[in-house]
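Biologist: I've never looked at this one before. Could you walk me through it?

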Amino acid sequence: MSDNNETLESLLQEKRLFPPPESFKRAAVATSEIYKEGEDPEAFWARTASELHWFERWDKVLEWNLPFAKWFVGGKINASYNCLDRHIGGPSRDKTAIIWEGEPGEQRTITYFDLYREVNAFANALKKLGVKKSDRVTIYMPMIPEIVIAMLACARIGAPHSVVFGGFSAEALRERINDAEAKLLITVDGGYRRGKVIPLKQSADEILKDTPTIESVVVVRRVGDILRTAMRQGRDYWYHDVVSGAEEYCKPEQMDAEDMLFLLYSSGTTGKPKGVVHTTGGYLTGVYTTFKYIFDYKPEDVFWCTADVGWITGHSYIIYGPLLNGATQVMYEGAPDYPGRGRWWSIIEKHKVSILYTAPTAIRSFIKWGTAWLEQYDLSSLRLLGTVGEPINPEAWVWYYKYVGNEGCPIVDTWWQTETGQVILTPLPGVTVCKPGSVAHPFPGTGAEVVDEHGNPVKPGGSGYLVLTKPWPAMLRTLYKDEQRYIETYWSRFPGKYLTGDGAKLDEDGYFWILGRVDDIIKVAGHRISTAEVESALVDHQAVAEAAVIGIPHEIKGEAIAAFVILKEGQEGTPQMQQELRAHVRKKIGPIAVPETVIFVSELPKTRSGKIMRRLLRDIASGRAPGDVSTLAEPAVMAELKQKYESQEAE
Ligand code: WTA
């Protein structure tokens with residue numbers, strides 16, 4: 001569970017209540033009735049699913065062969081049709097879908113009809129390049145409109161996309177391409193980050209010799225002449241060339257509700273990322289419905305989710321949720337502090353953003369930078385705020401409420417996962433009385449519990465494991481090519497209940513409070529990383545004999561990575577070696593996984609059966625007295641570790 005004792009304590013003592021403003025309540029999309037409706041989940045989800053377009057209606061809402069779910073059995077549907085064609089027949093045809101702002105300052109406004117045309121053309125281009133229904137396509141791109149076009153074009157022709165976050169290294173990209181056996185890669189010459197150009201195609205070139213299934217590569221020209229981008233004849237194509245001659249209309253593929261819409265790799269408790277499989281009908285229903293009610297969506301809203309499309313938050317609440325609802329949204333390419341720390345607030349003022357959805361780590365940075373940055377801008381267009389990705393400490397919540405929302409905007413603290421596809425725990429704006437730091441209640445039609453070691457629900461006031469008790473439409477269906485791991489990871493700890501991996505508390509009023517992960521996953525600035533992944537990157541270095549990685553509390557990032565490393569005989573634990581190891585992790589995984597601290601030790605705390613006791617490492621790193629050491633093979637190692645940690649920390 002979270003090591004941040006101070007935060008945890010303040011969280012559990014939090015008593016303030018924030019009822020929804022009356023004016024908000026009166027006009028809210030959700031009313032308390034919706035919880036009643038959710039008591040019959042199948043009827044509820046069937047009602048919202050029928051607001052989408054189906055080529056053929058389903059025969060059965062849910063087929064639940066635990067742990068395998070099928071939603072909207074027999075239904076035929078297409079994601080891109082629902083995001084585009086459904087809107088362009090009516091008044092939304094010329095409505096703005098995306099207001100895009102590039103980091104250097106350019107702006108593009110794309111209407112639903114523009115997006116429709118681009119997606120159709122690119123879908124035809126993909127077909128011409130040989131992509132067929134059910135072929136996987138990997139996408140490795142920054143936050144530019146073409147990533148939206150690419151994903152919807154794949155969906156249009158029934159080719160599951162597998163988006164790899166542009167901040168992952170080339171090696172991480174290779175691993176994900178090969179696991180998915182992708183046929184085509186869509187990338188970009190480069191993207192901007194804090195004024196620097198990140199050459200993605202060049203990175204991809206490093207590994208394309210080791211990706212035997214890739215037949216073609218489509219490259220979007222983003223930065224142009226700044227980079228010299230090598231193109232291999234017969235394999236690499238410029239995006240603008242392939243779309244320029246493409247036919248204008250591409251008939252959407254009629255997908256079975258249970259056909260795979262996308263794969264998204266996420267960190268698990270082993271070194272190998274898992275391919276989370278999402279299917280079409282249920283996923284679309286889940287994100288359509290949650291977007292509508294949780295964000296209190298009205299046609300005149302301007303929504304802005306600051307996540308990257310490379311993560312599930314971007315998939316569900318930049319791509320599918322908003323577009324299914326016909327919303328207008330802002331998409332921003334770059335960093336929050338470039339060129340200055342007022343960048344986000346200037347974007348909100350300029351585009352009159354009404355709903356902002358971001359992560360606690362960003363809020364904590366803003367707190368550190370001071371309120372002067374936001375006081376320069378008019379943020380009065382905001383009416384609703386949201387957060388996601390990691391626990392938010394009550395102080396950050398209240399700051400967000402006070403300074404960003406000017407004490408007038410409800411905050412939806414939404415808990416969910418790559419695997420859940422859609423938000424599960426959340427307040428409903430206009431309905432729920434918010435408590436800072438609490439994710440409130442299960443969304444209508446879903447179910448959650450906090451259970452003890454034996455799987456029994458805890459009493460109000462108790463804490464334990466967060467589990468989900470009912471199937472929900474956007475749930476993952478399996479792990480790609482690894483059904484056994486799907487069963488073991490999520491469904492074997494407590495029979496019949498989905499194990500989330502999070503610890504939680506249920507308070508006296510029935511509100512849920514997330515305490516953090518109980519497994520070996522850490523959340524660094526909201527990014528999900530497994531300790532095992534970082535450990536295998538470290539031991540891959542020739543100087544390293546063994547490594548143990550833990551999350552340590554971090555003021556801004558929530559958690560940061562600390563690595564305890566045993567070097568091989570003859571190697572020296574110098575500052576240079578620390579740098580070298582950090583660079584190695586960056587190369588193997590990417591900048592997000594680089595350890596904040598690297599501590600050289602000669603032994604690690606292990607049980608007699610050889611299992612590393614990370615709990616004790618966490619005690620050392622947080623300066624706590626070590627907990628129970630009776631199962632340690634060598635209790636003396638603790639003293640050495642403590643001394644090493646303290647002396648190296650001080651350096
Ligand atoms: C954590 C992100 C507290 C949690 C959408 C979960 C949260 C993991 C919250 C999934 C929240 C997500 N409060 N913790 N509101 N939202 N988490 O797959 O530990 O990147 O299990 O999905 O993030 O991370 P993932």
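Biologist: How many residue pairs are in polar contact between domain 1 and domain 2?

Modeller: Keep in mind that this is a predicted model, and that the pairs counted here have both residues at pLDDT 80 or more. By class, the side of domain 1 that touches domain 2 has 3 nonpolar, 2 polar and 2 charged residues. For residue pairs in polar contact between the two domains, the count is 5.

Biologist: Where along the chain do I find domain 2?

Modeller: The protein chain is split into two domains, and domain 1 takes 111-253. Domain 2 is the stretch 525-650.

Biologist: Which residue forms a salt bridge with arginine 176?

Modeller: Between domain 1 and domain 2 there are 3 salt bridges. In the one that arginine 176 makes, the N to O distance is 4.0 Å, and that just fits, because the cut-off is within 4 Å. The side chain on the other end is glutamate 533.

Biologist: How much area is buried between domain 1 and domain 2?

Modeller: The C-alpha centres of the two domains sit 37 Å apart. Still, 7 residues of domain 1 are in contact with 8 residues of domain 2. Carbon and sulfur atoms give 46% of the buried area, and the total is about 560 Å².

Biologist: Which residues of domain 1 lose the most area to domain 2?

Modeller: Three residues together make up 63% of what the domain 1 side buries. They are Phe168, Ser169 and Glu171.

Biologist: Now the ligand. How much of its accessible area does the protein cover?

Modeller: Around the ligand there are 18 residues, with Thr414, Thr418, Asp502, Arg517 and Arg528 the closest. Polar side-chain atoms of lysine 523 and arginine 528 each lie 2.7 Å from an oxygen atom of the ligand, while a polar backbone atom of glycine 389 is 3.1 Å from a ligand nitrogen. On its own the ligand has 530 Å² of accessible area, and the protein covers 97%.

Key:
Residues are numbered from 1 along each chain as its sequence is written. This is a predicted model: local features need pLDDT of at least 70, side-chain atom pairs count only at pLDDT 80 or more; totals for chains, interfaces and linings use all residues. Side-chain values use heavy atoms; hydrogens and water are left out. Domain bounds come from an automatic or database domain assignment. Contact means heavy atoms within 4.5 Å. Buried area is the accessible area (1.4 Å probe) that two parts lose on being put together, summed over both. A polar contact is a pair of N or O atoms within 3.5 Å; within protein, one must be able to donate a hydrogen and the other to accept it, and residues adjacent in sequence count only if both atoms are side-chain atoms. Ala, Val, Leu, Ile, Met, Phe, Trp, Tyr, Cys and Pro count as nonpolar, Asp, Glu, Lys and Arg as charged, and the others, Gly among them, as polar. A residue is near a molecule or strand if one of its heavy atoms lies within 4 Å of it. Accessible areas come from the Shrake-Rupley method with a 1.4 Å probe; for residues, only the protein chains shown count as cover.
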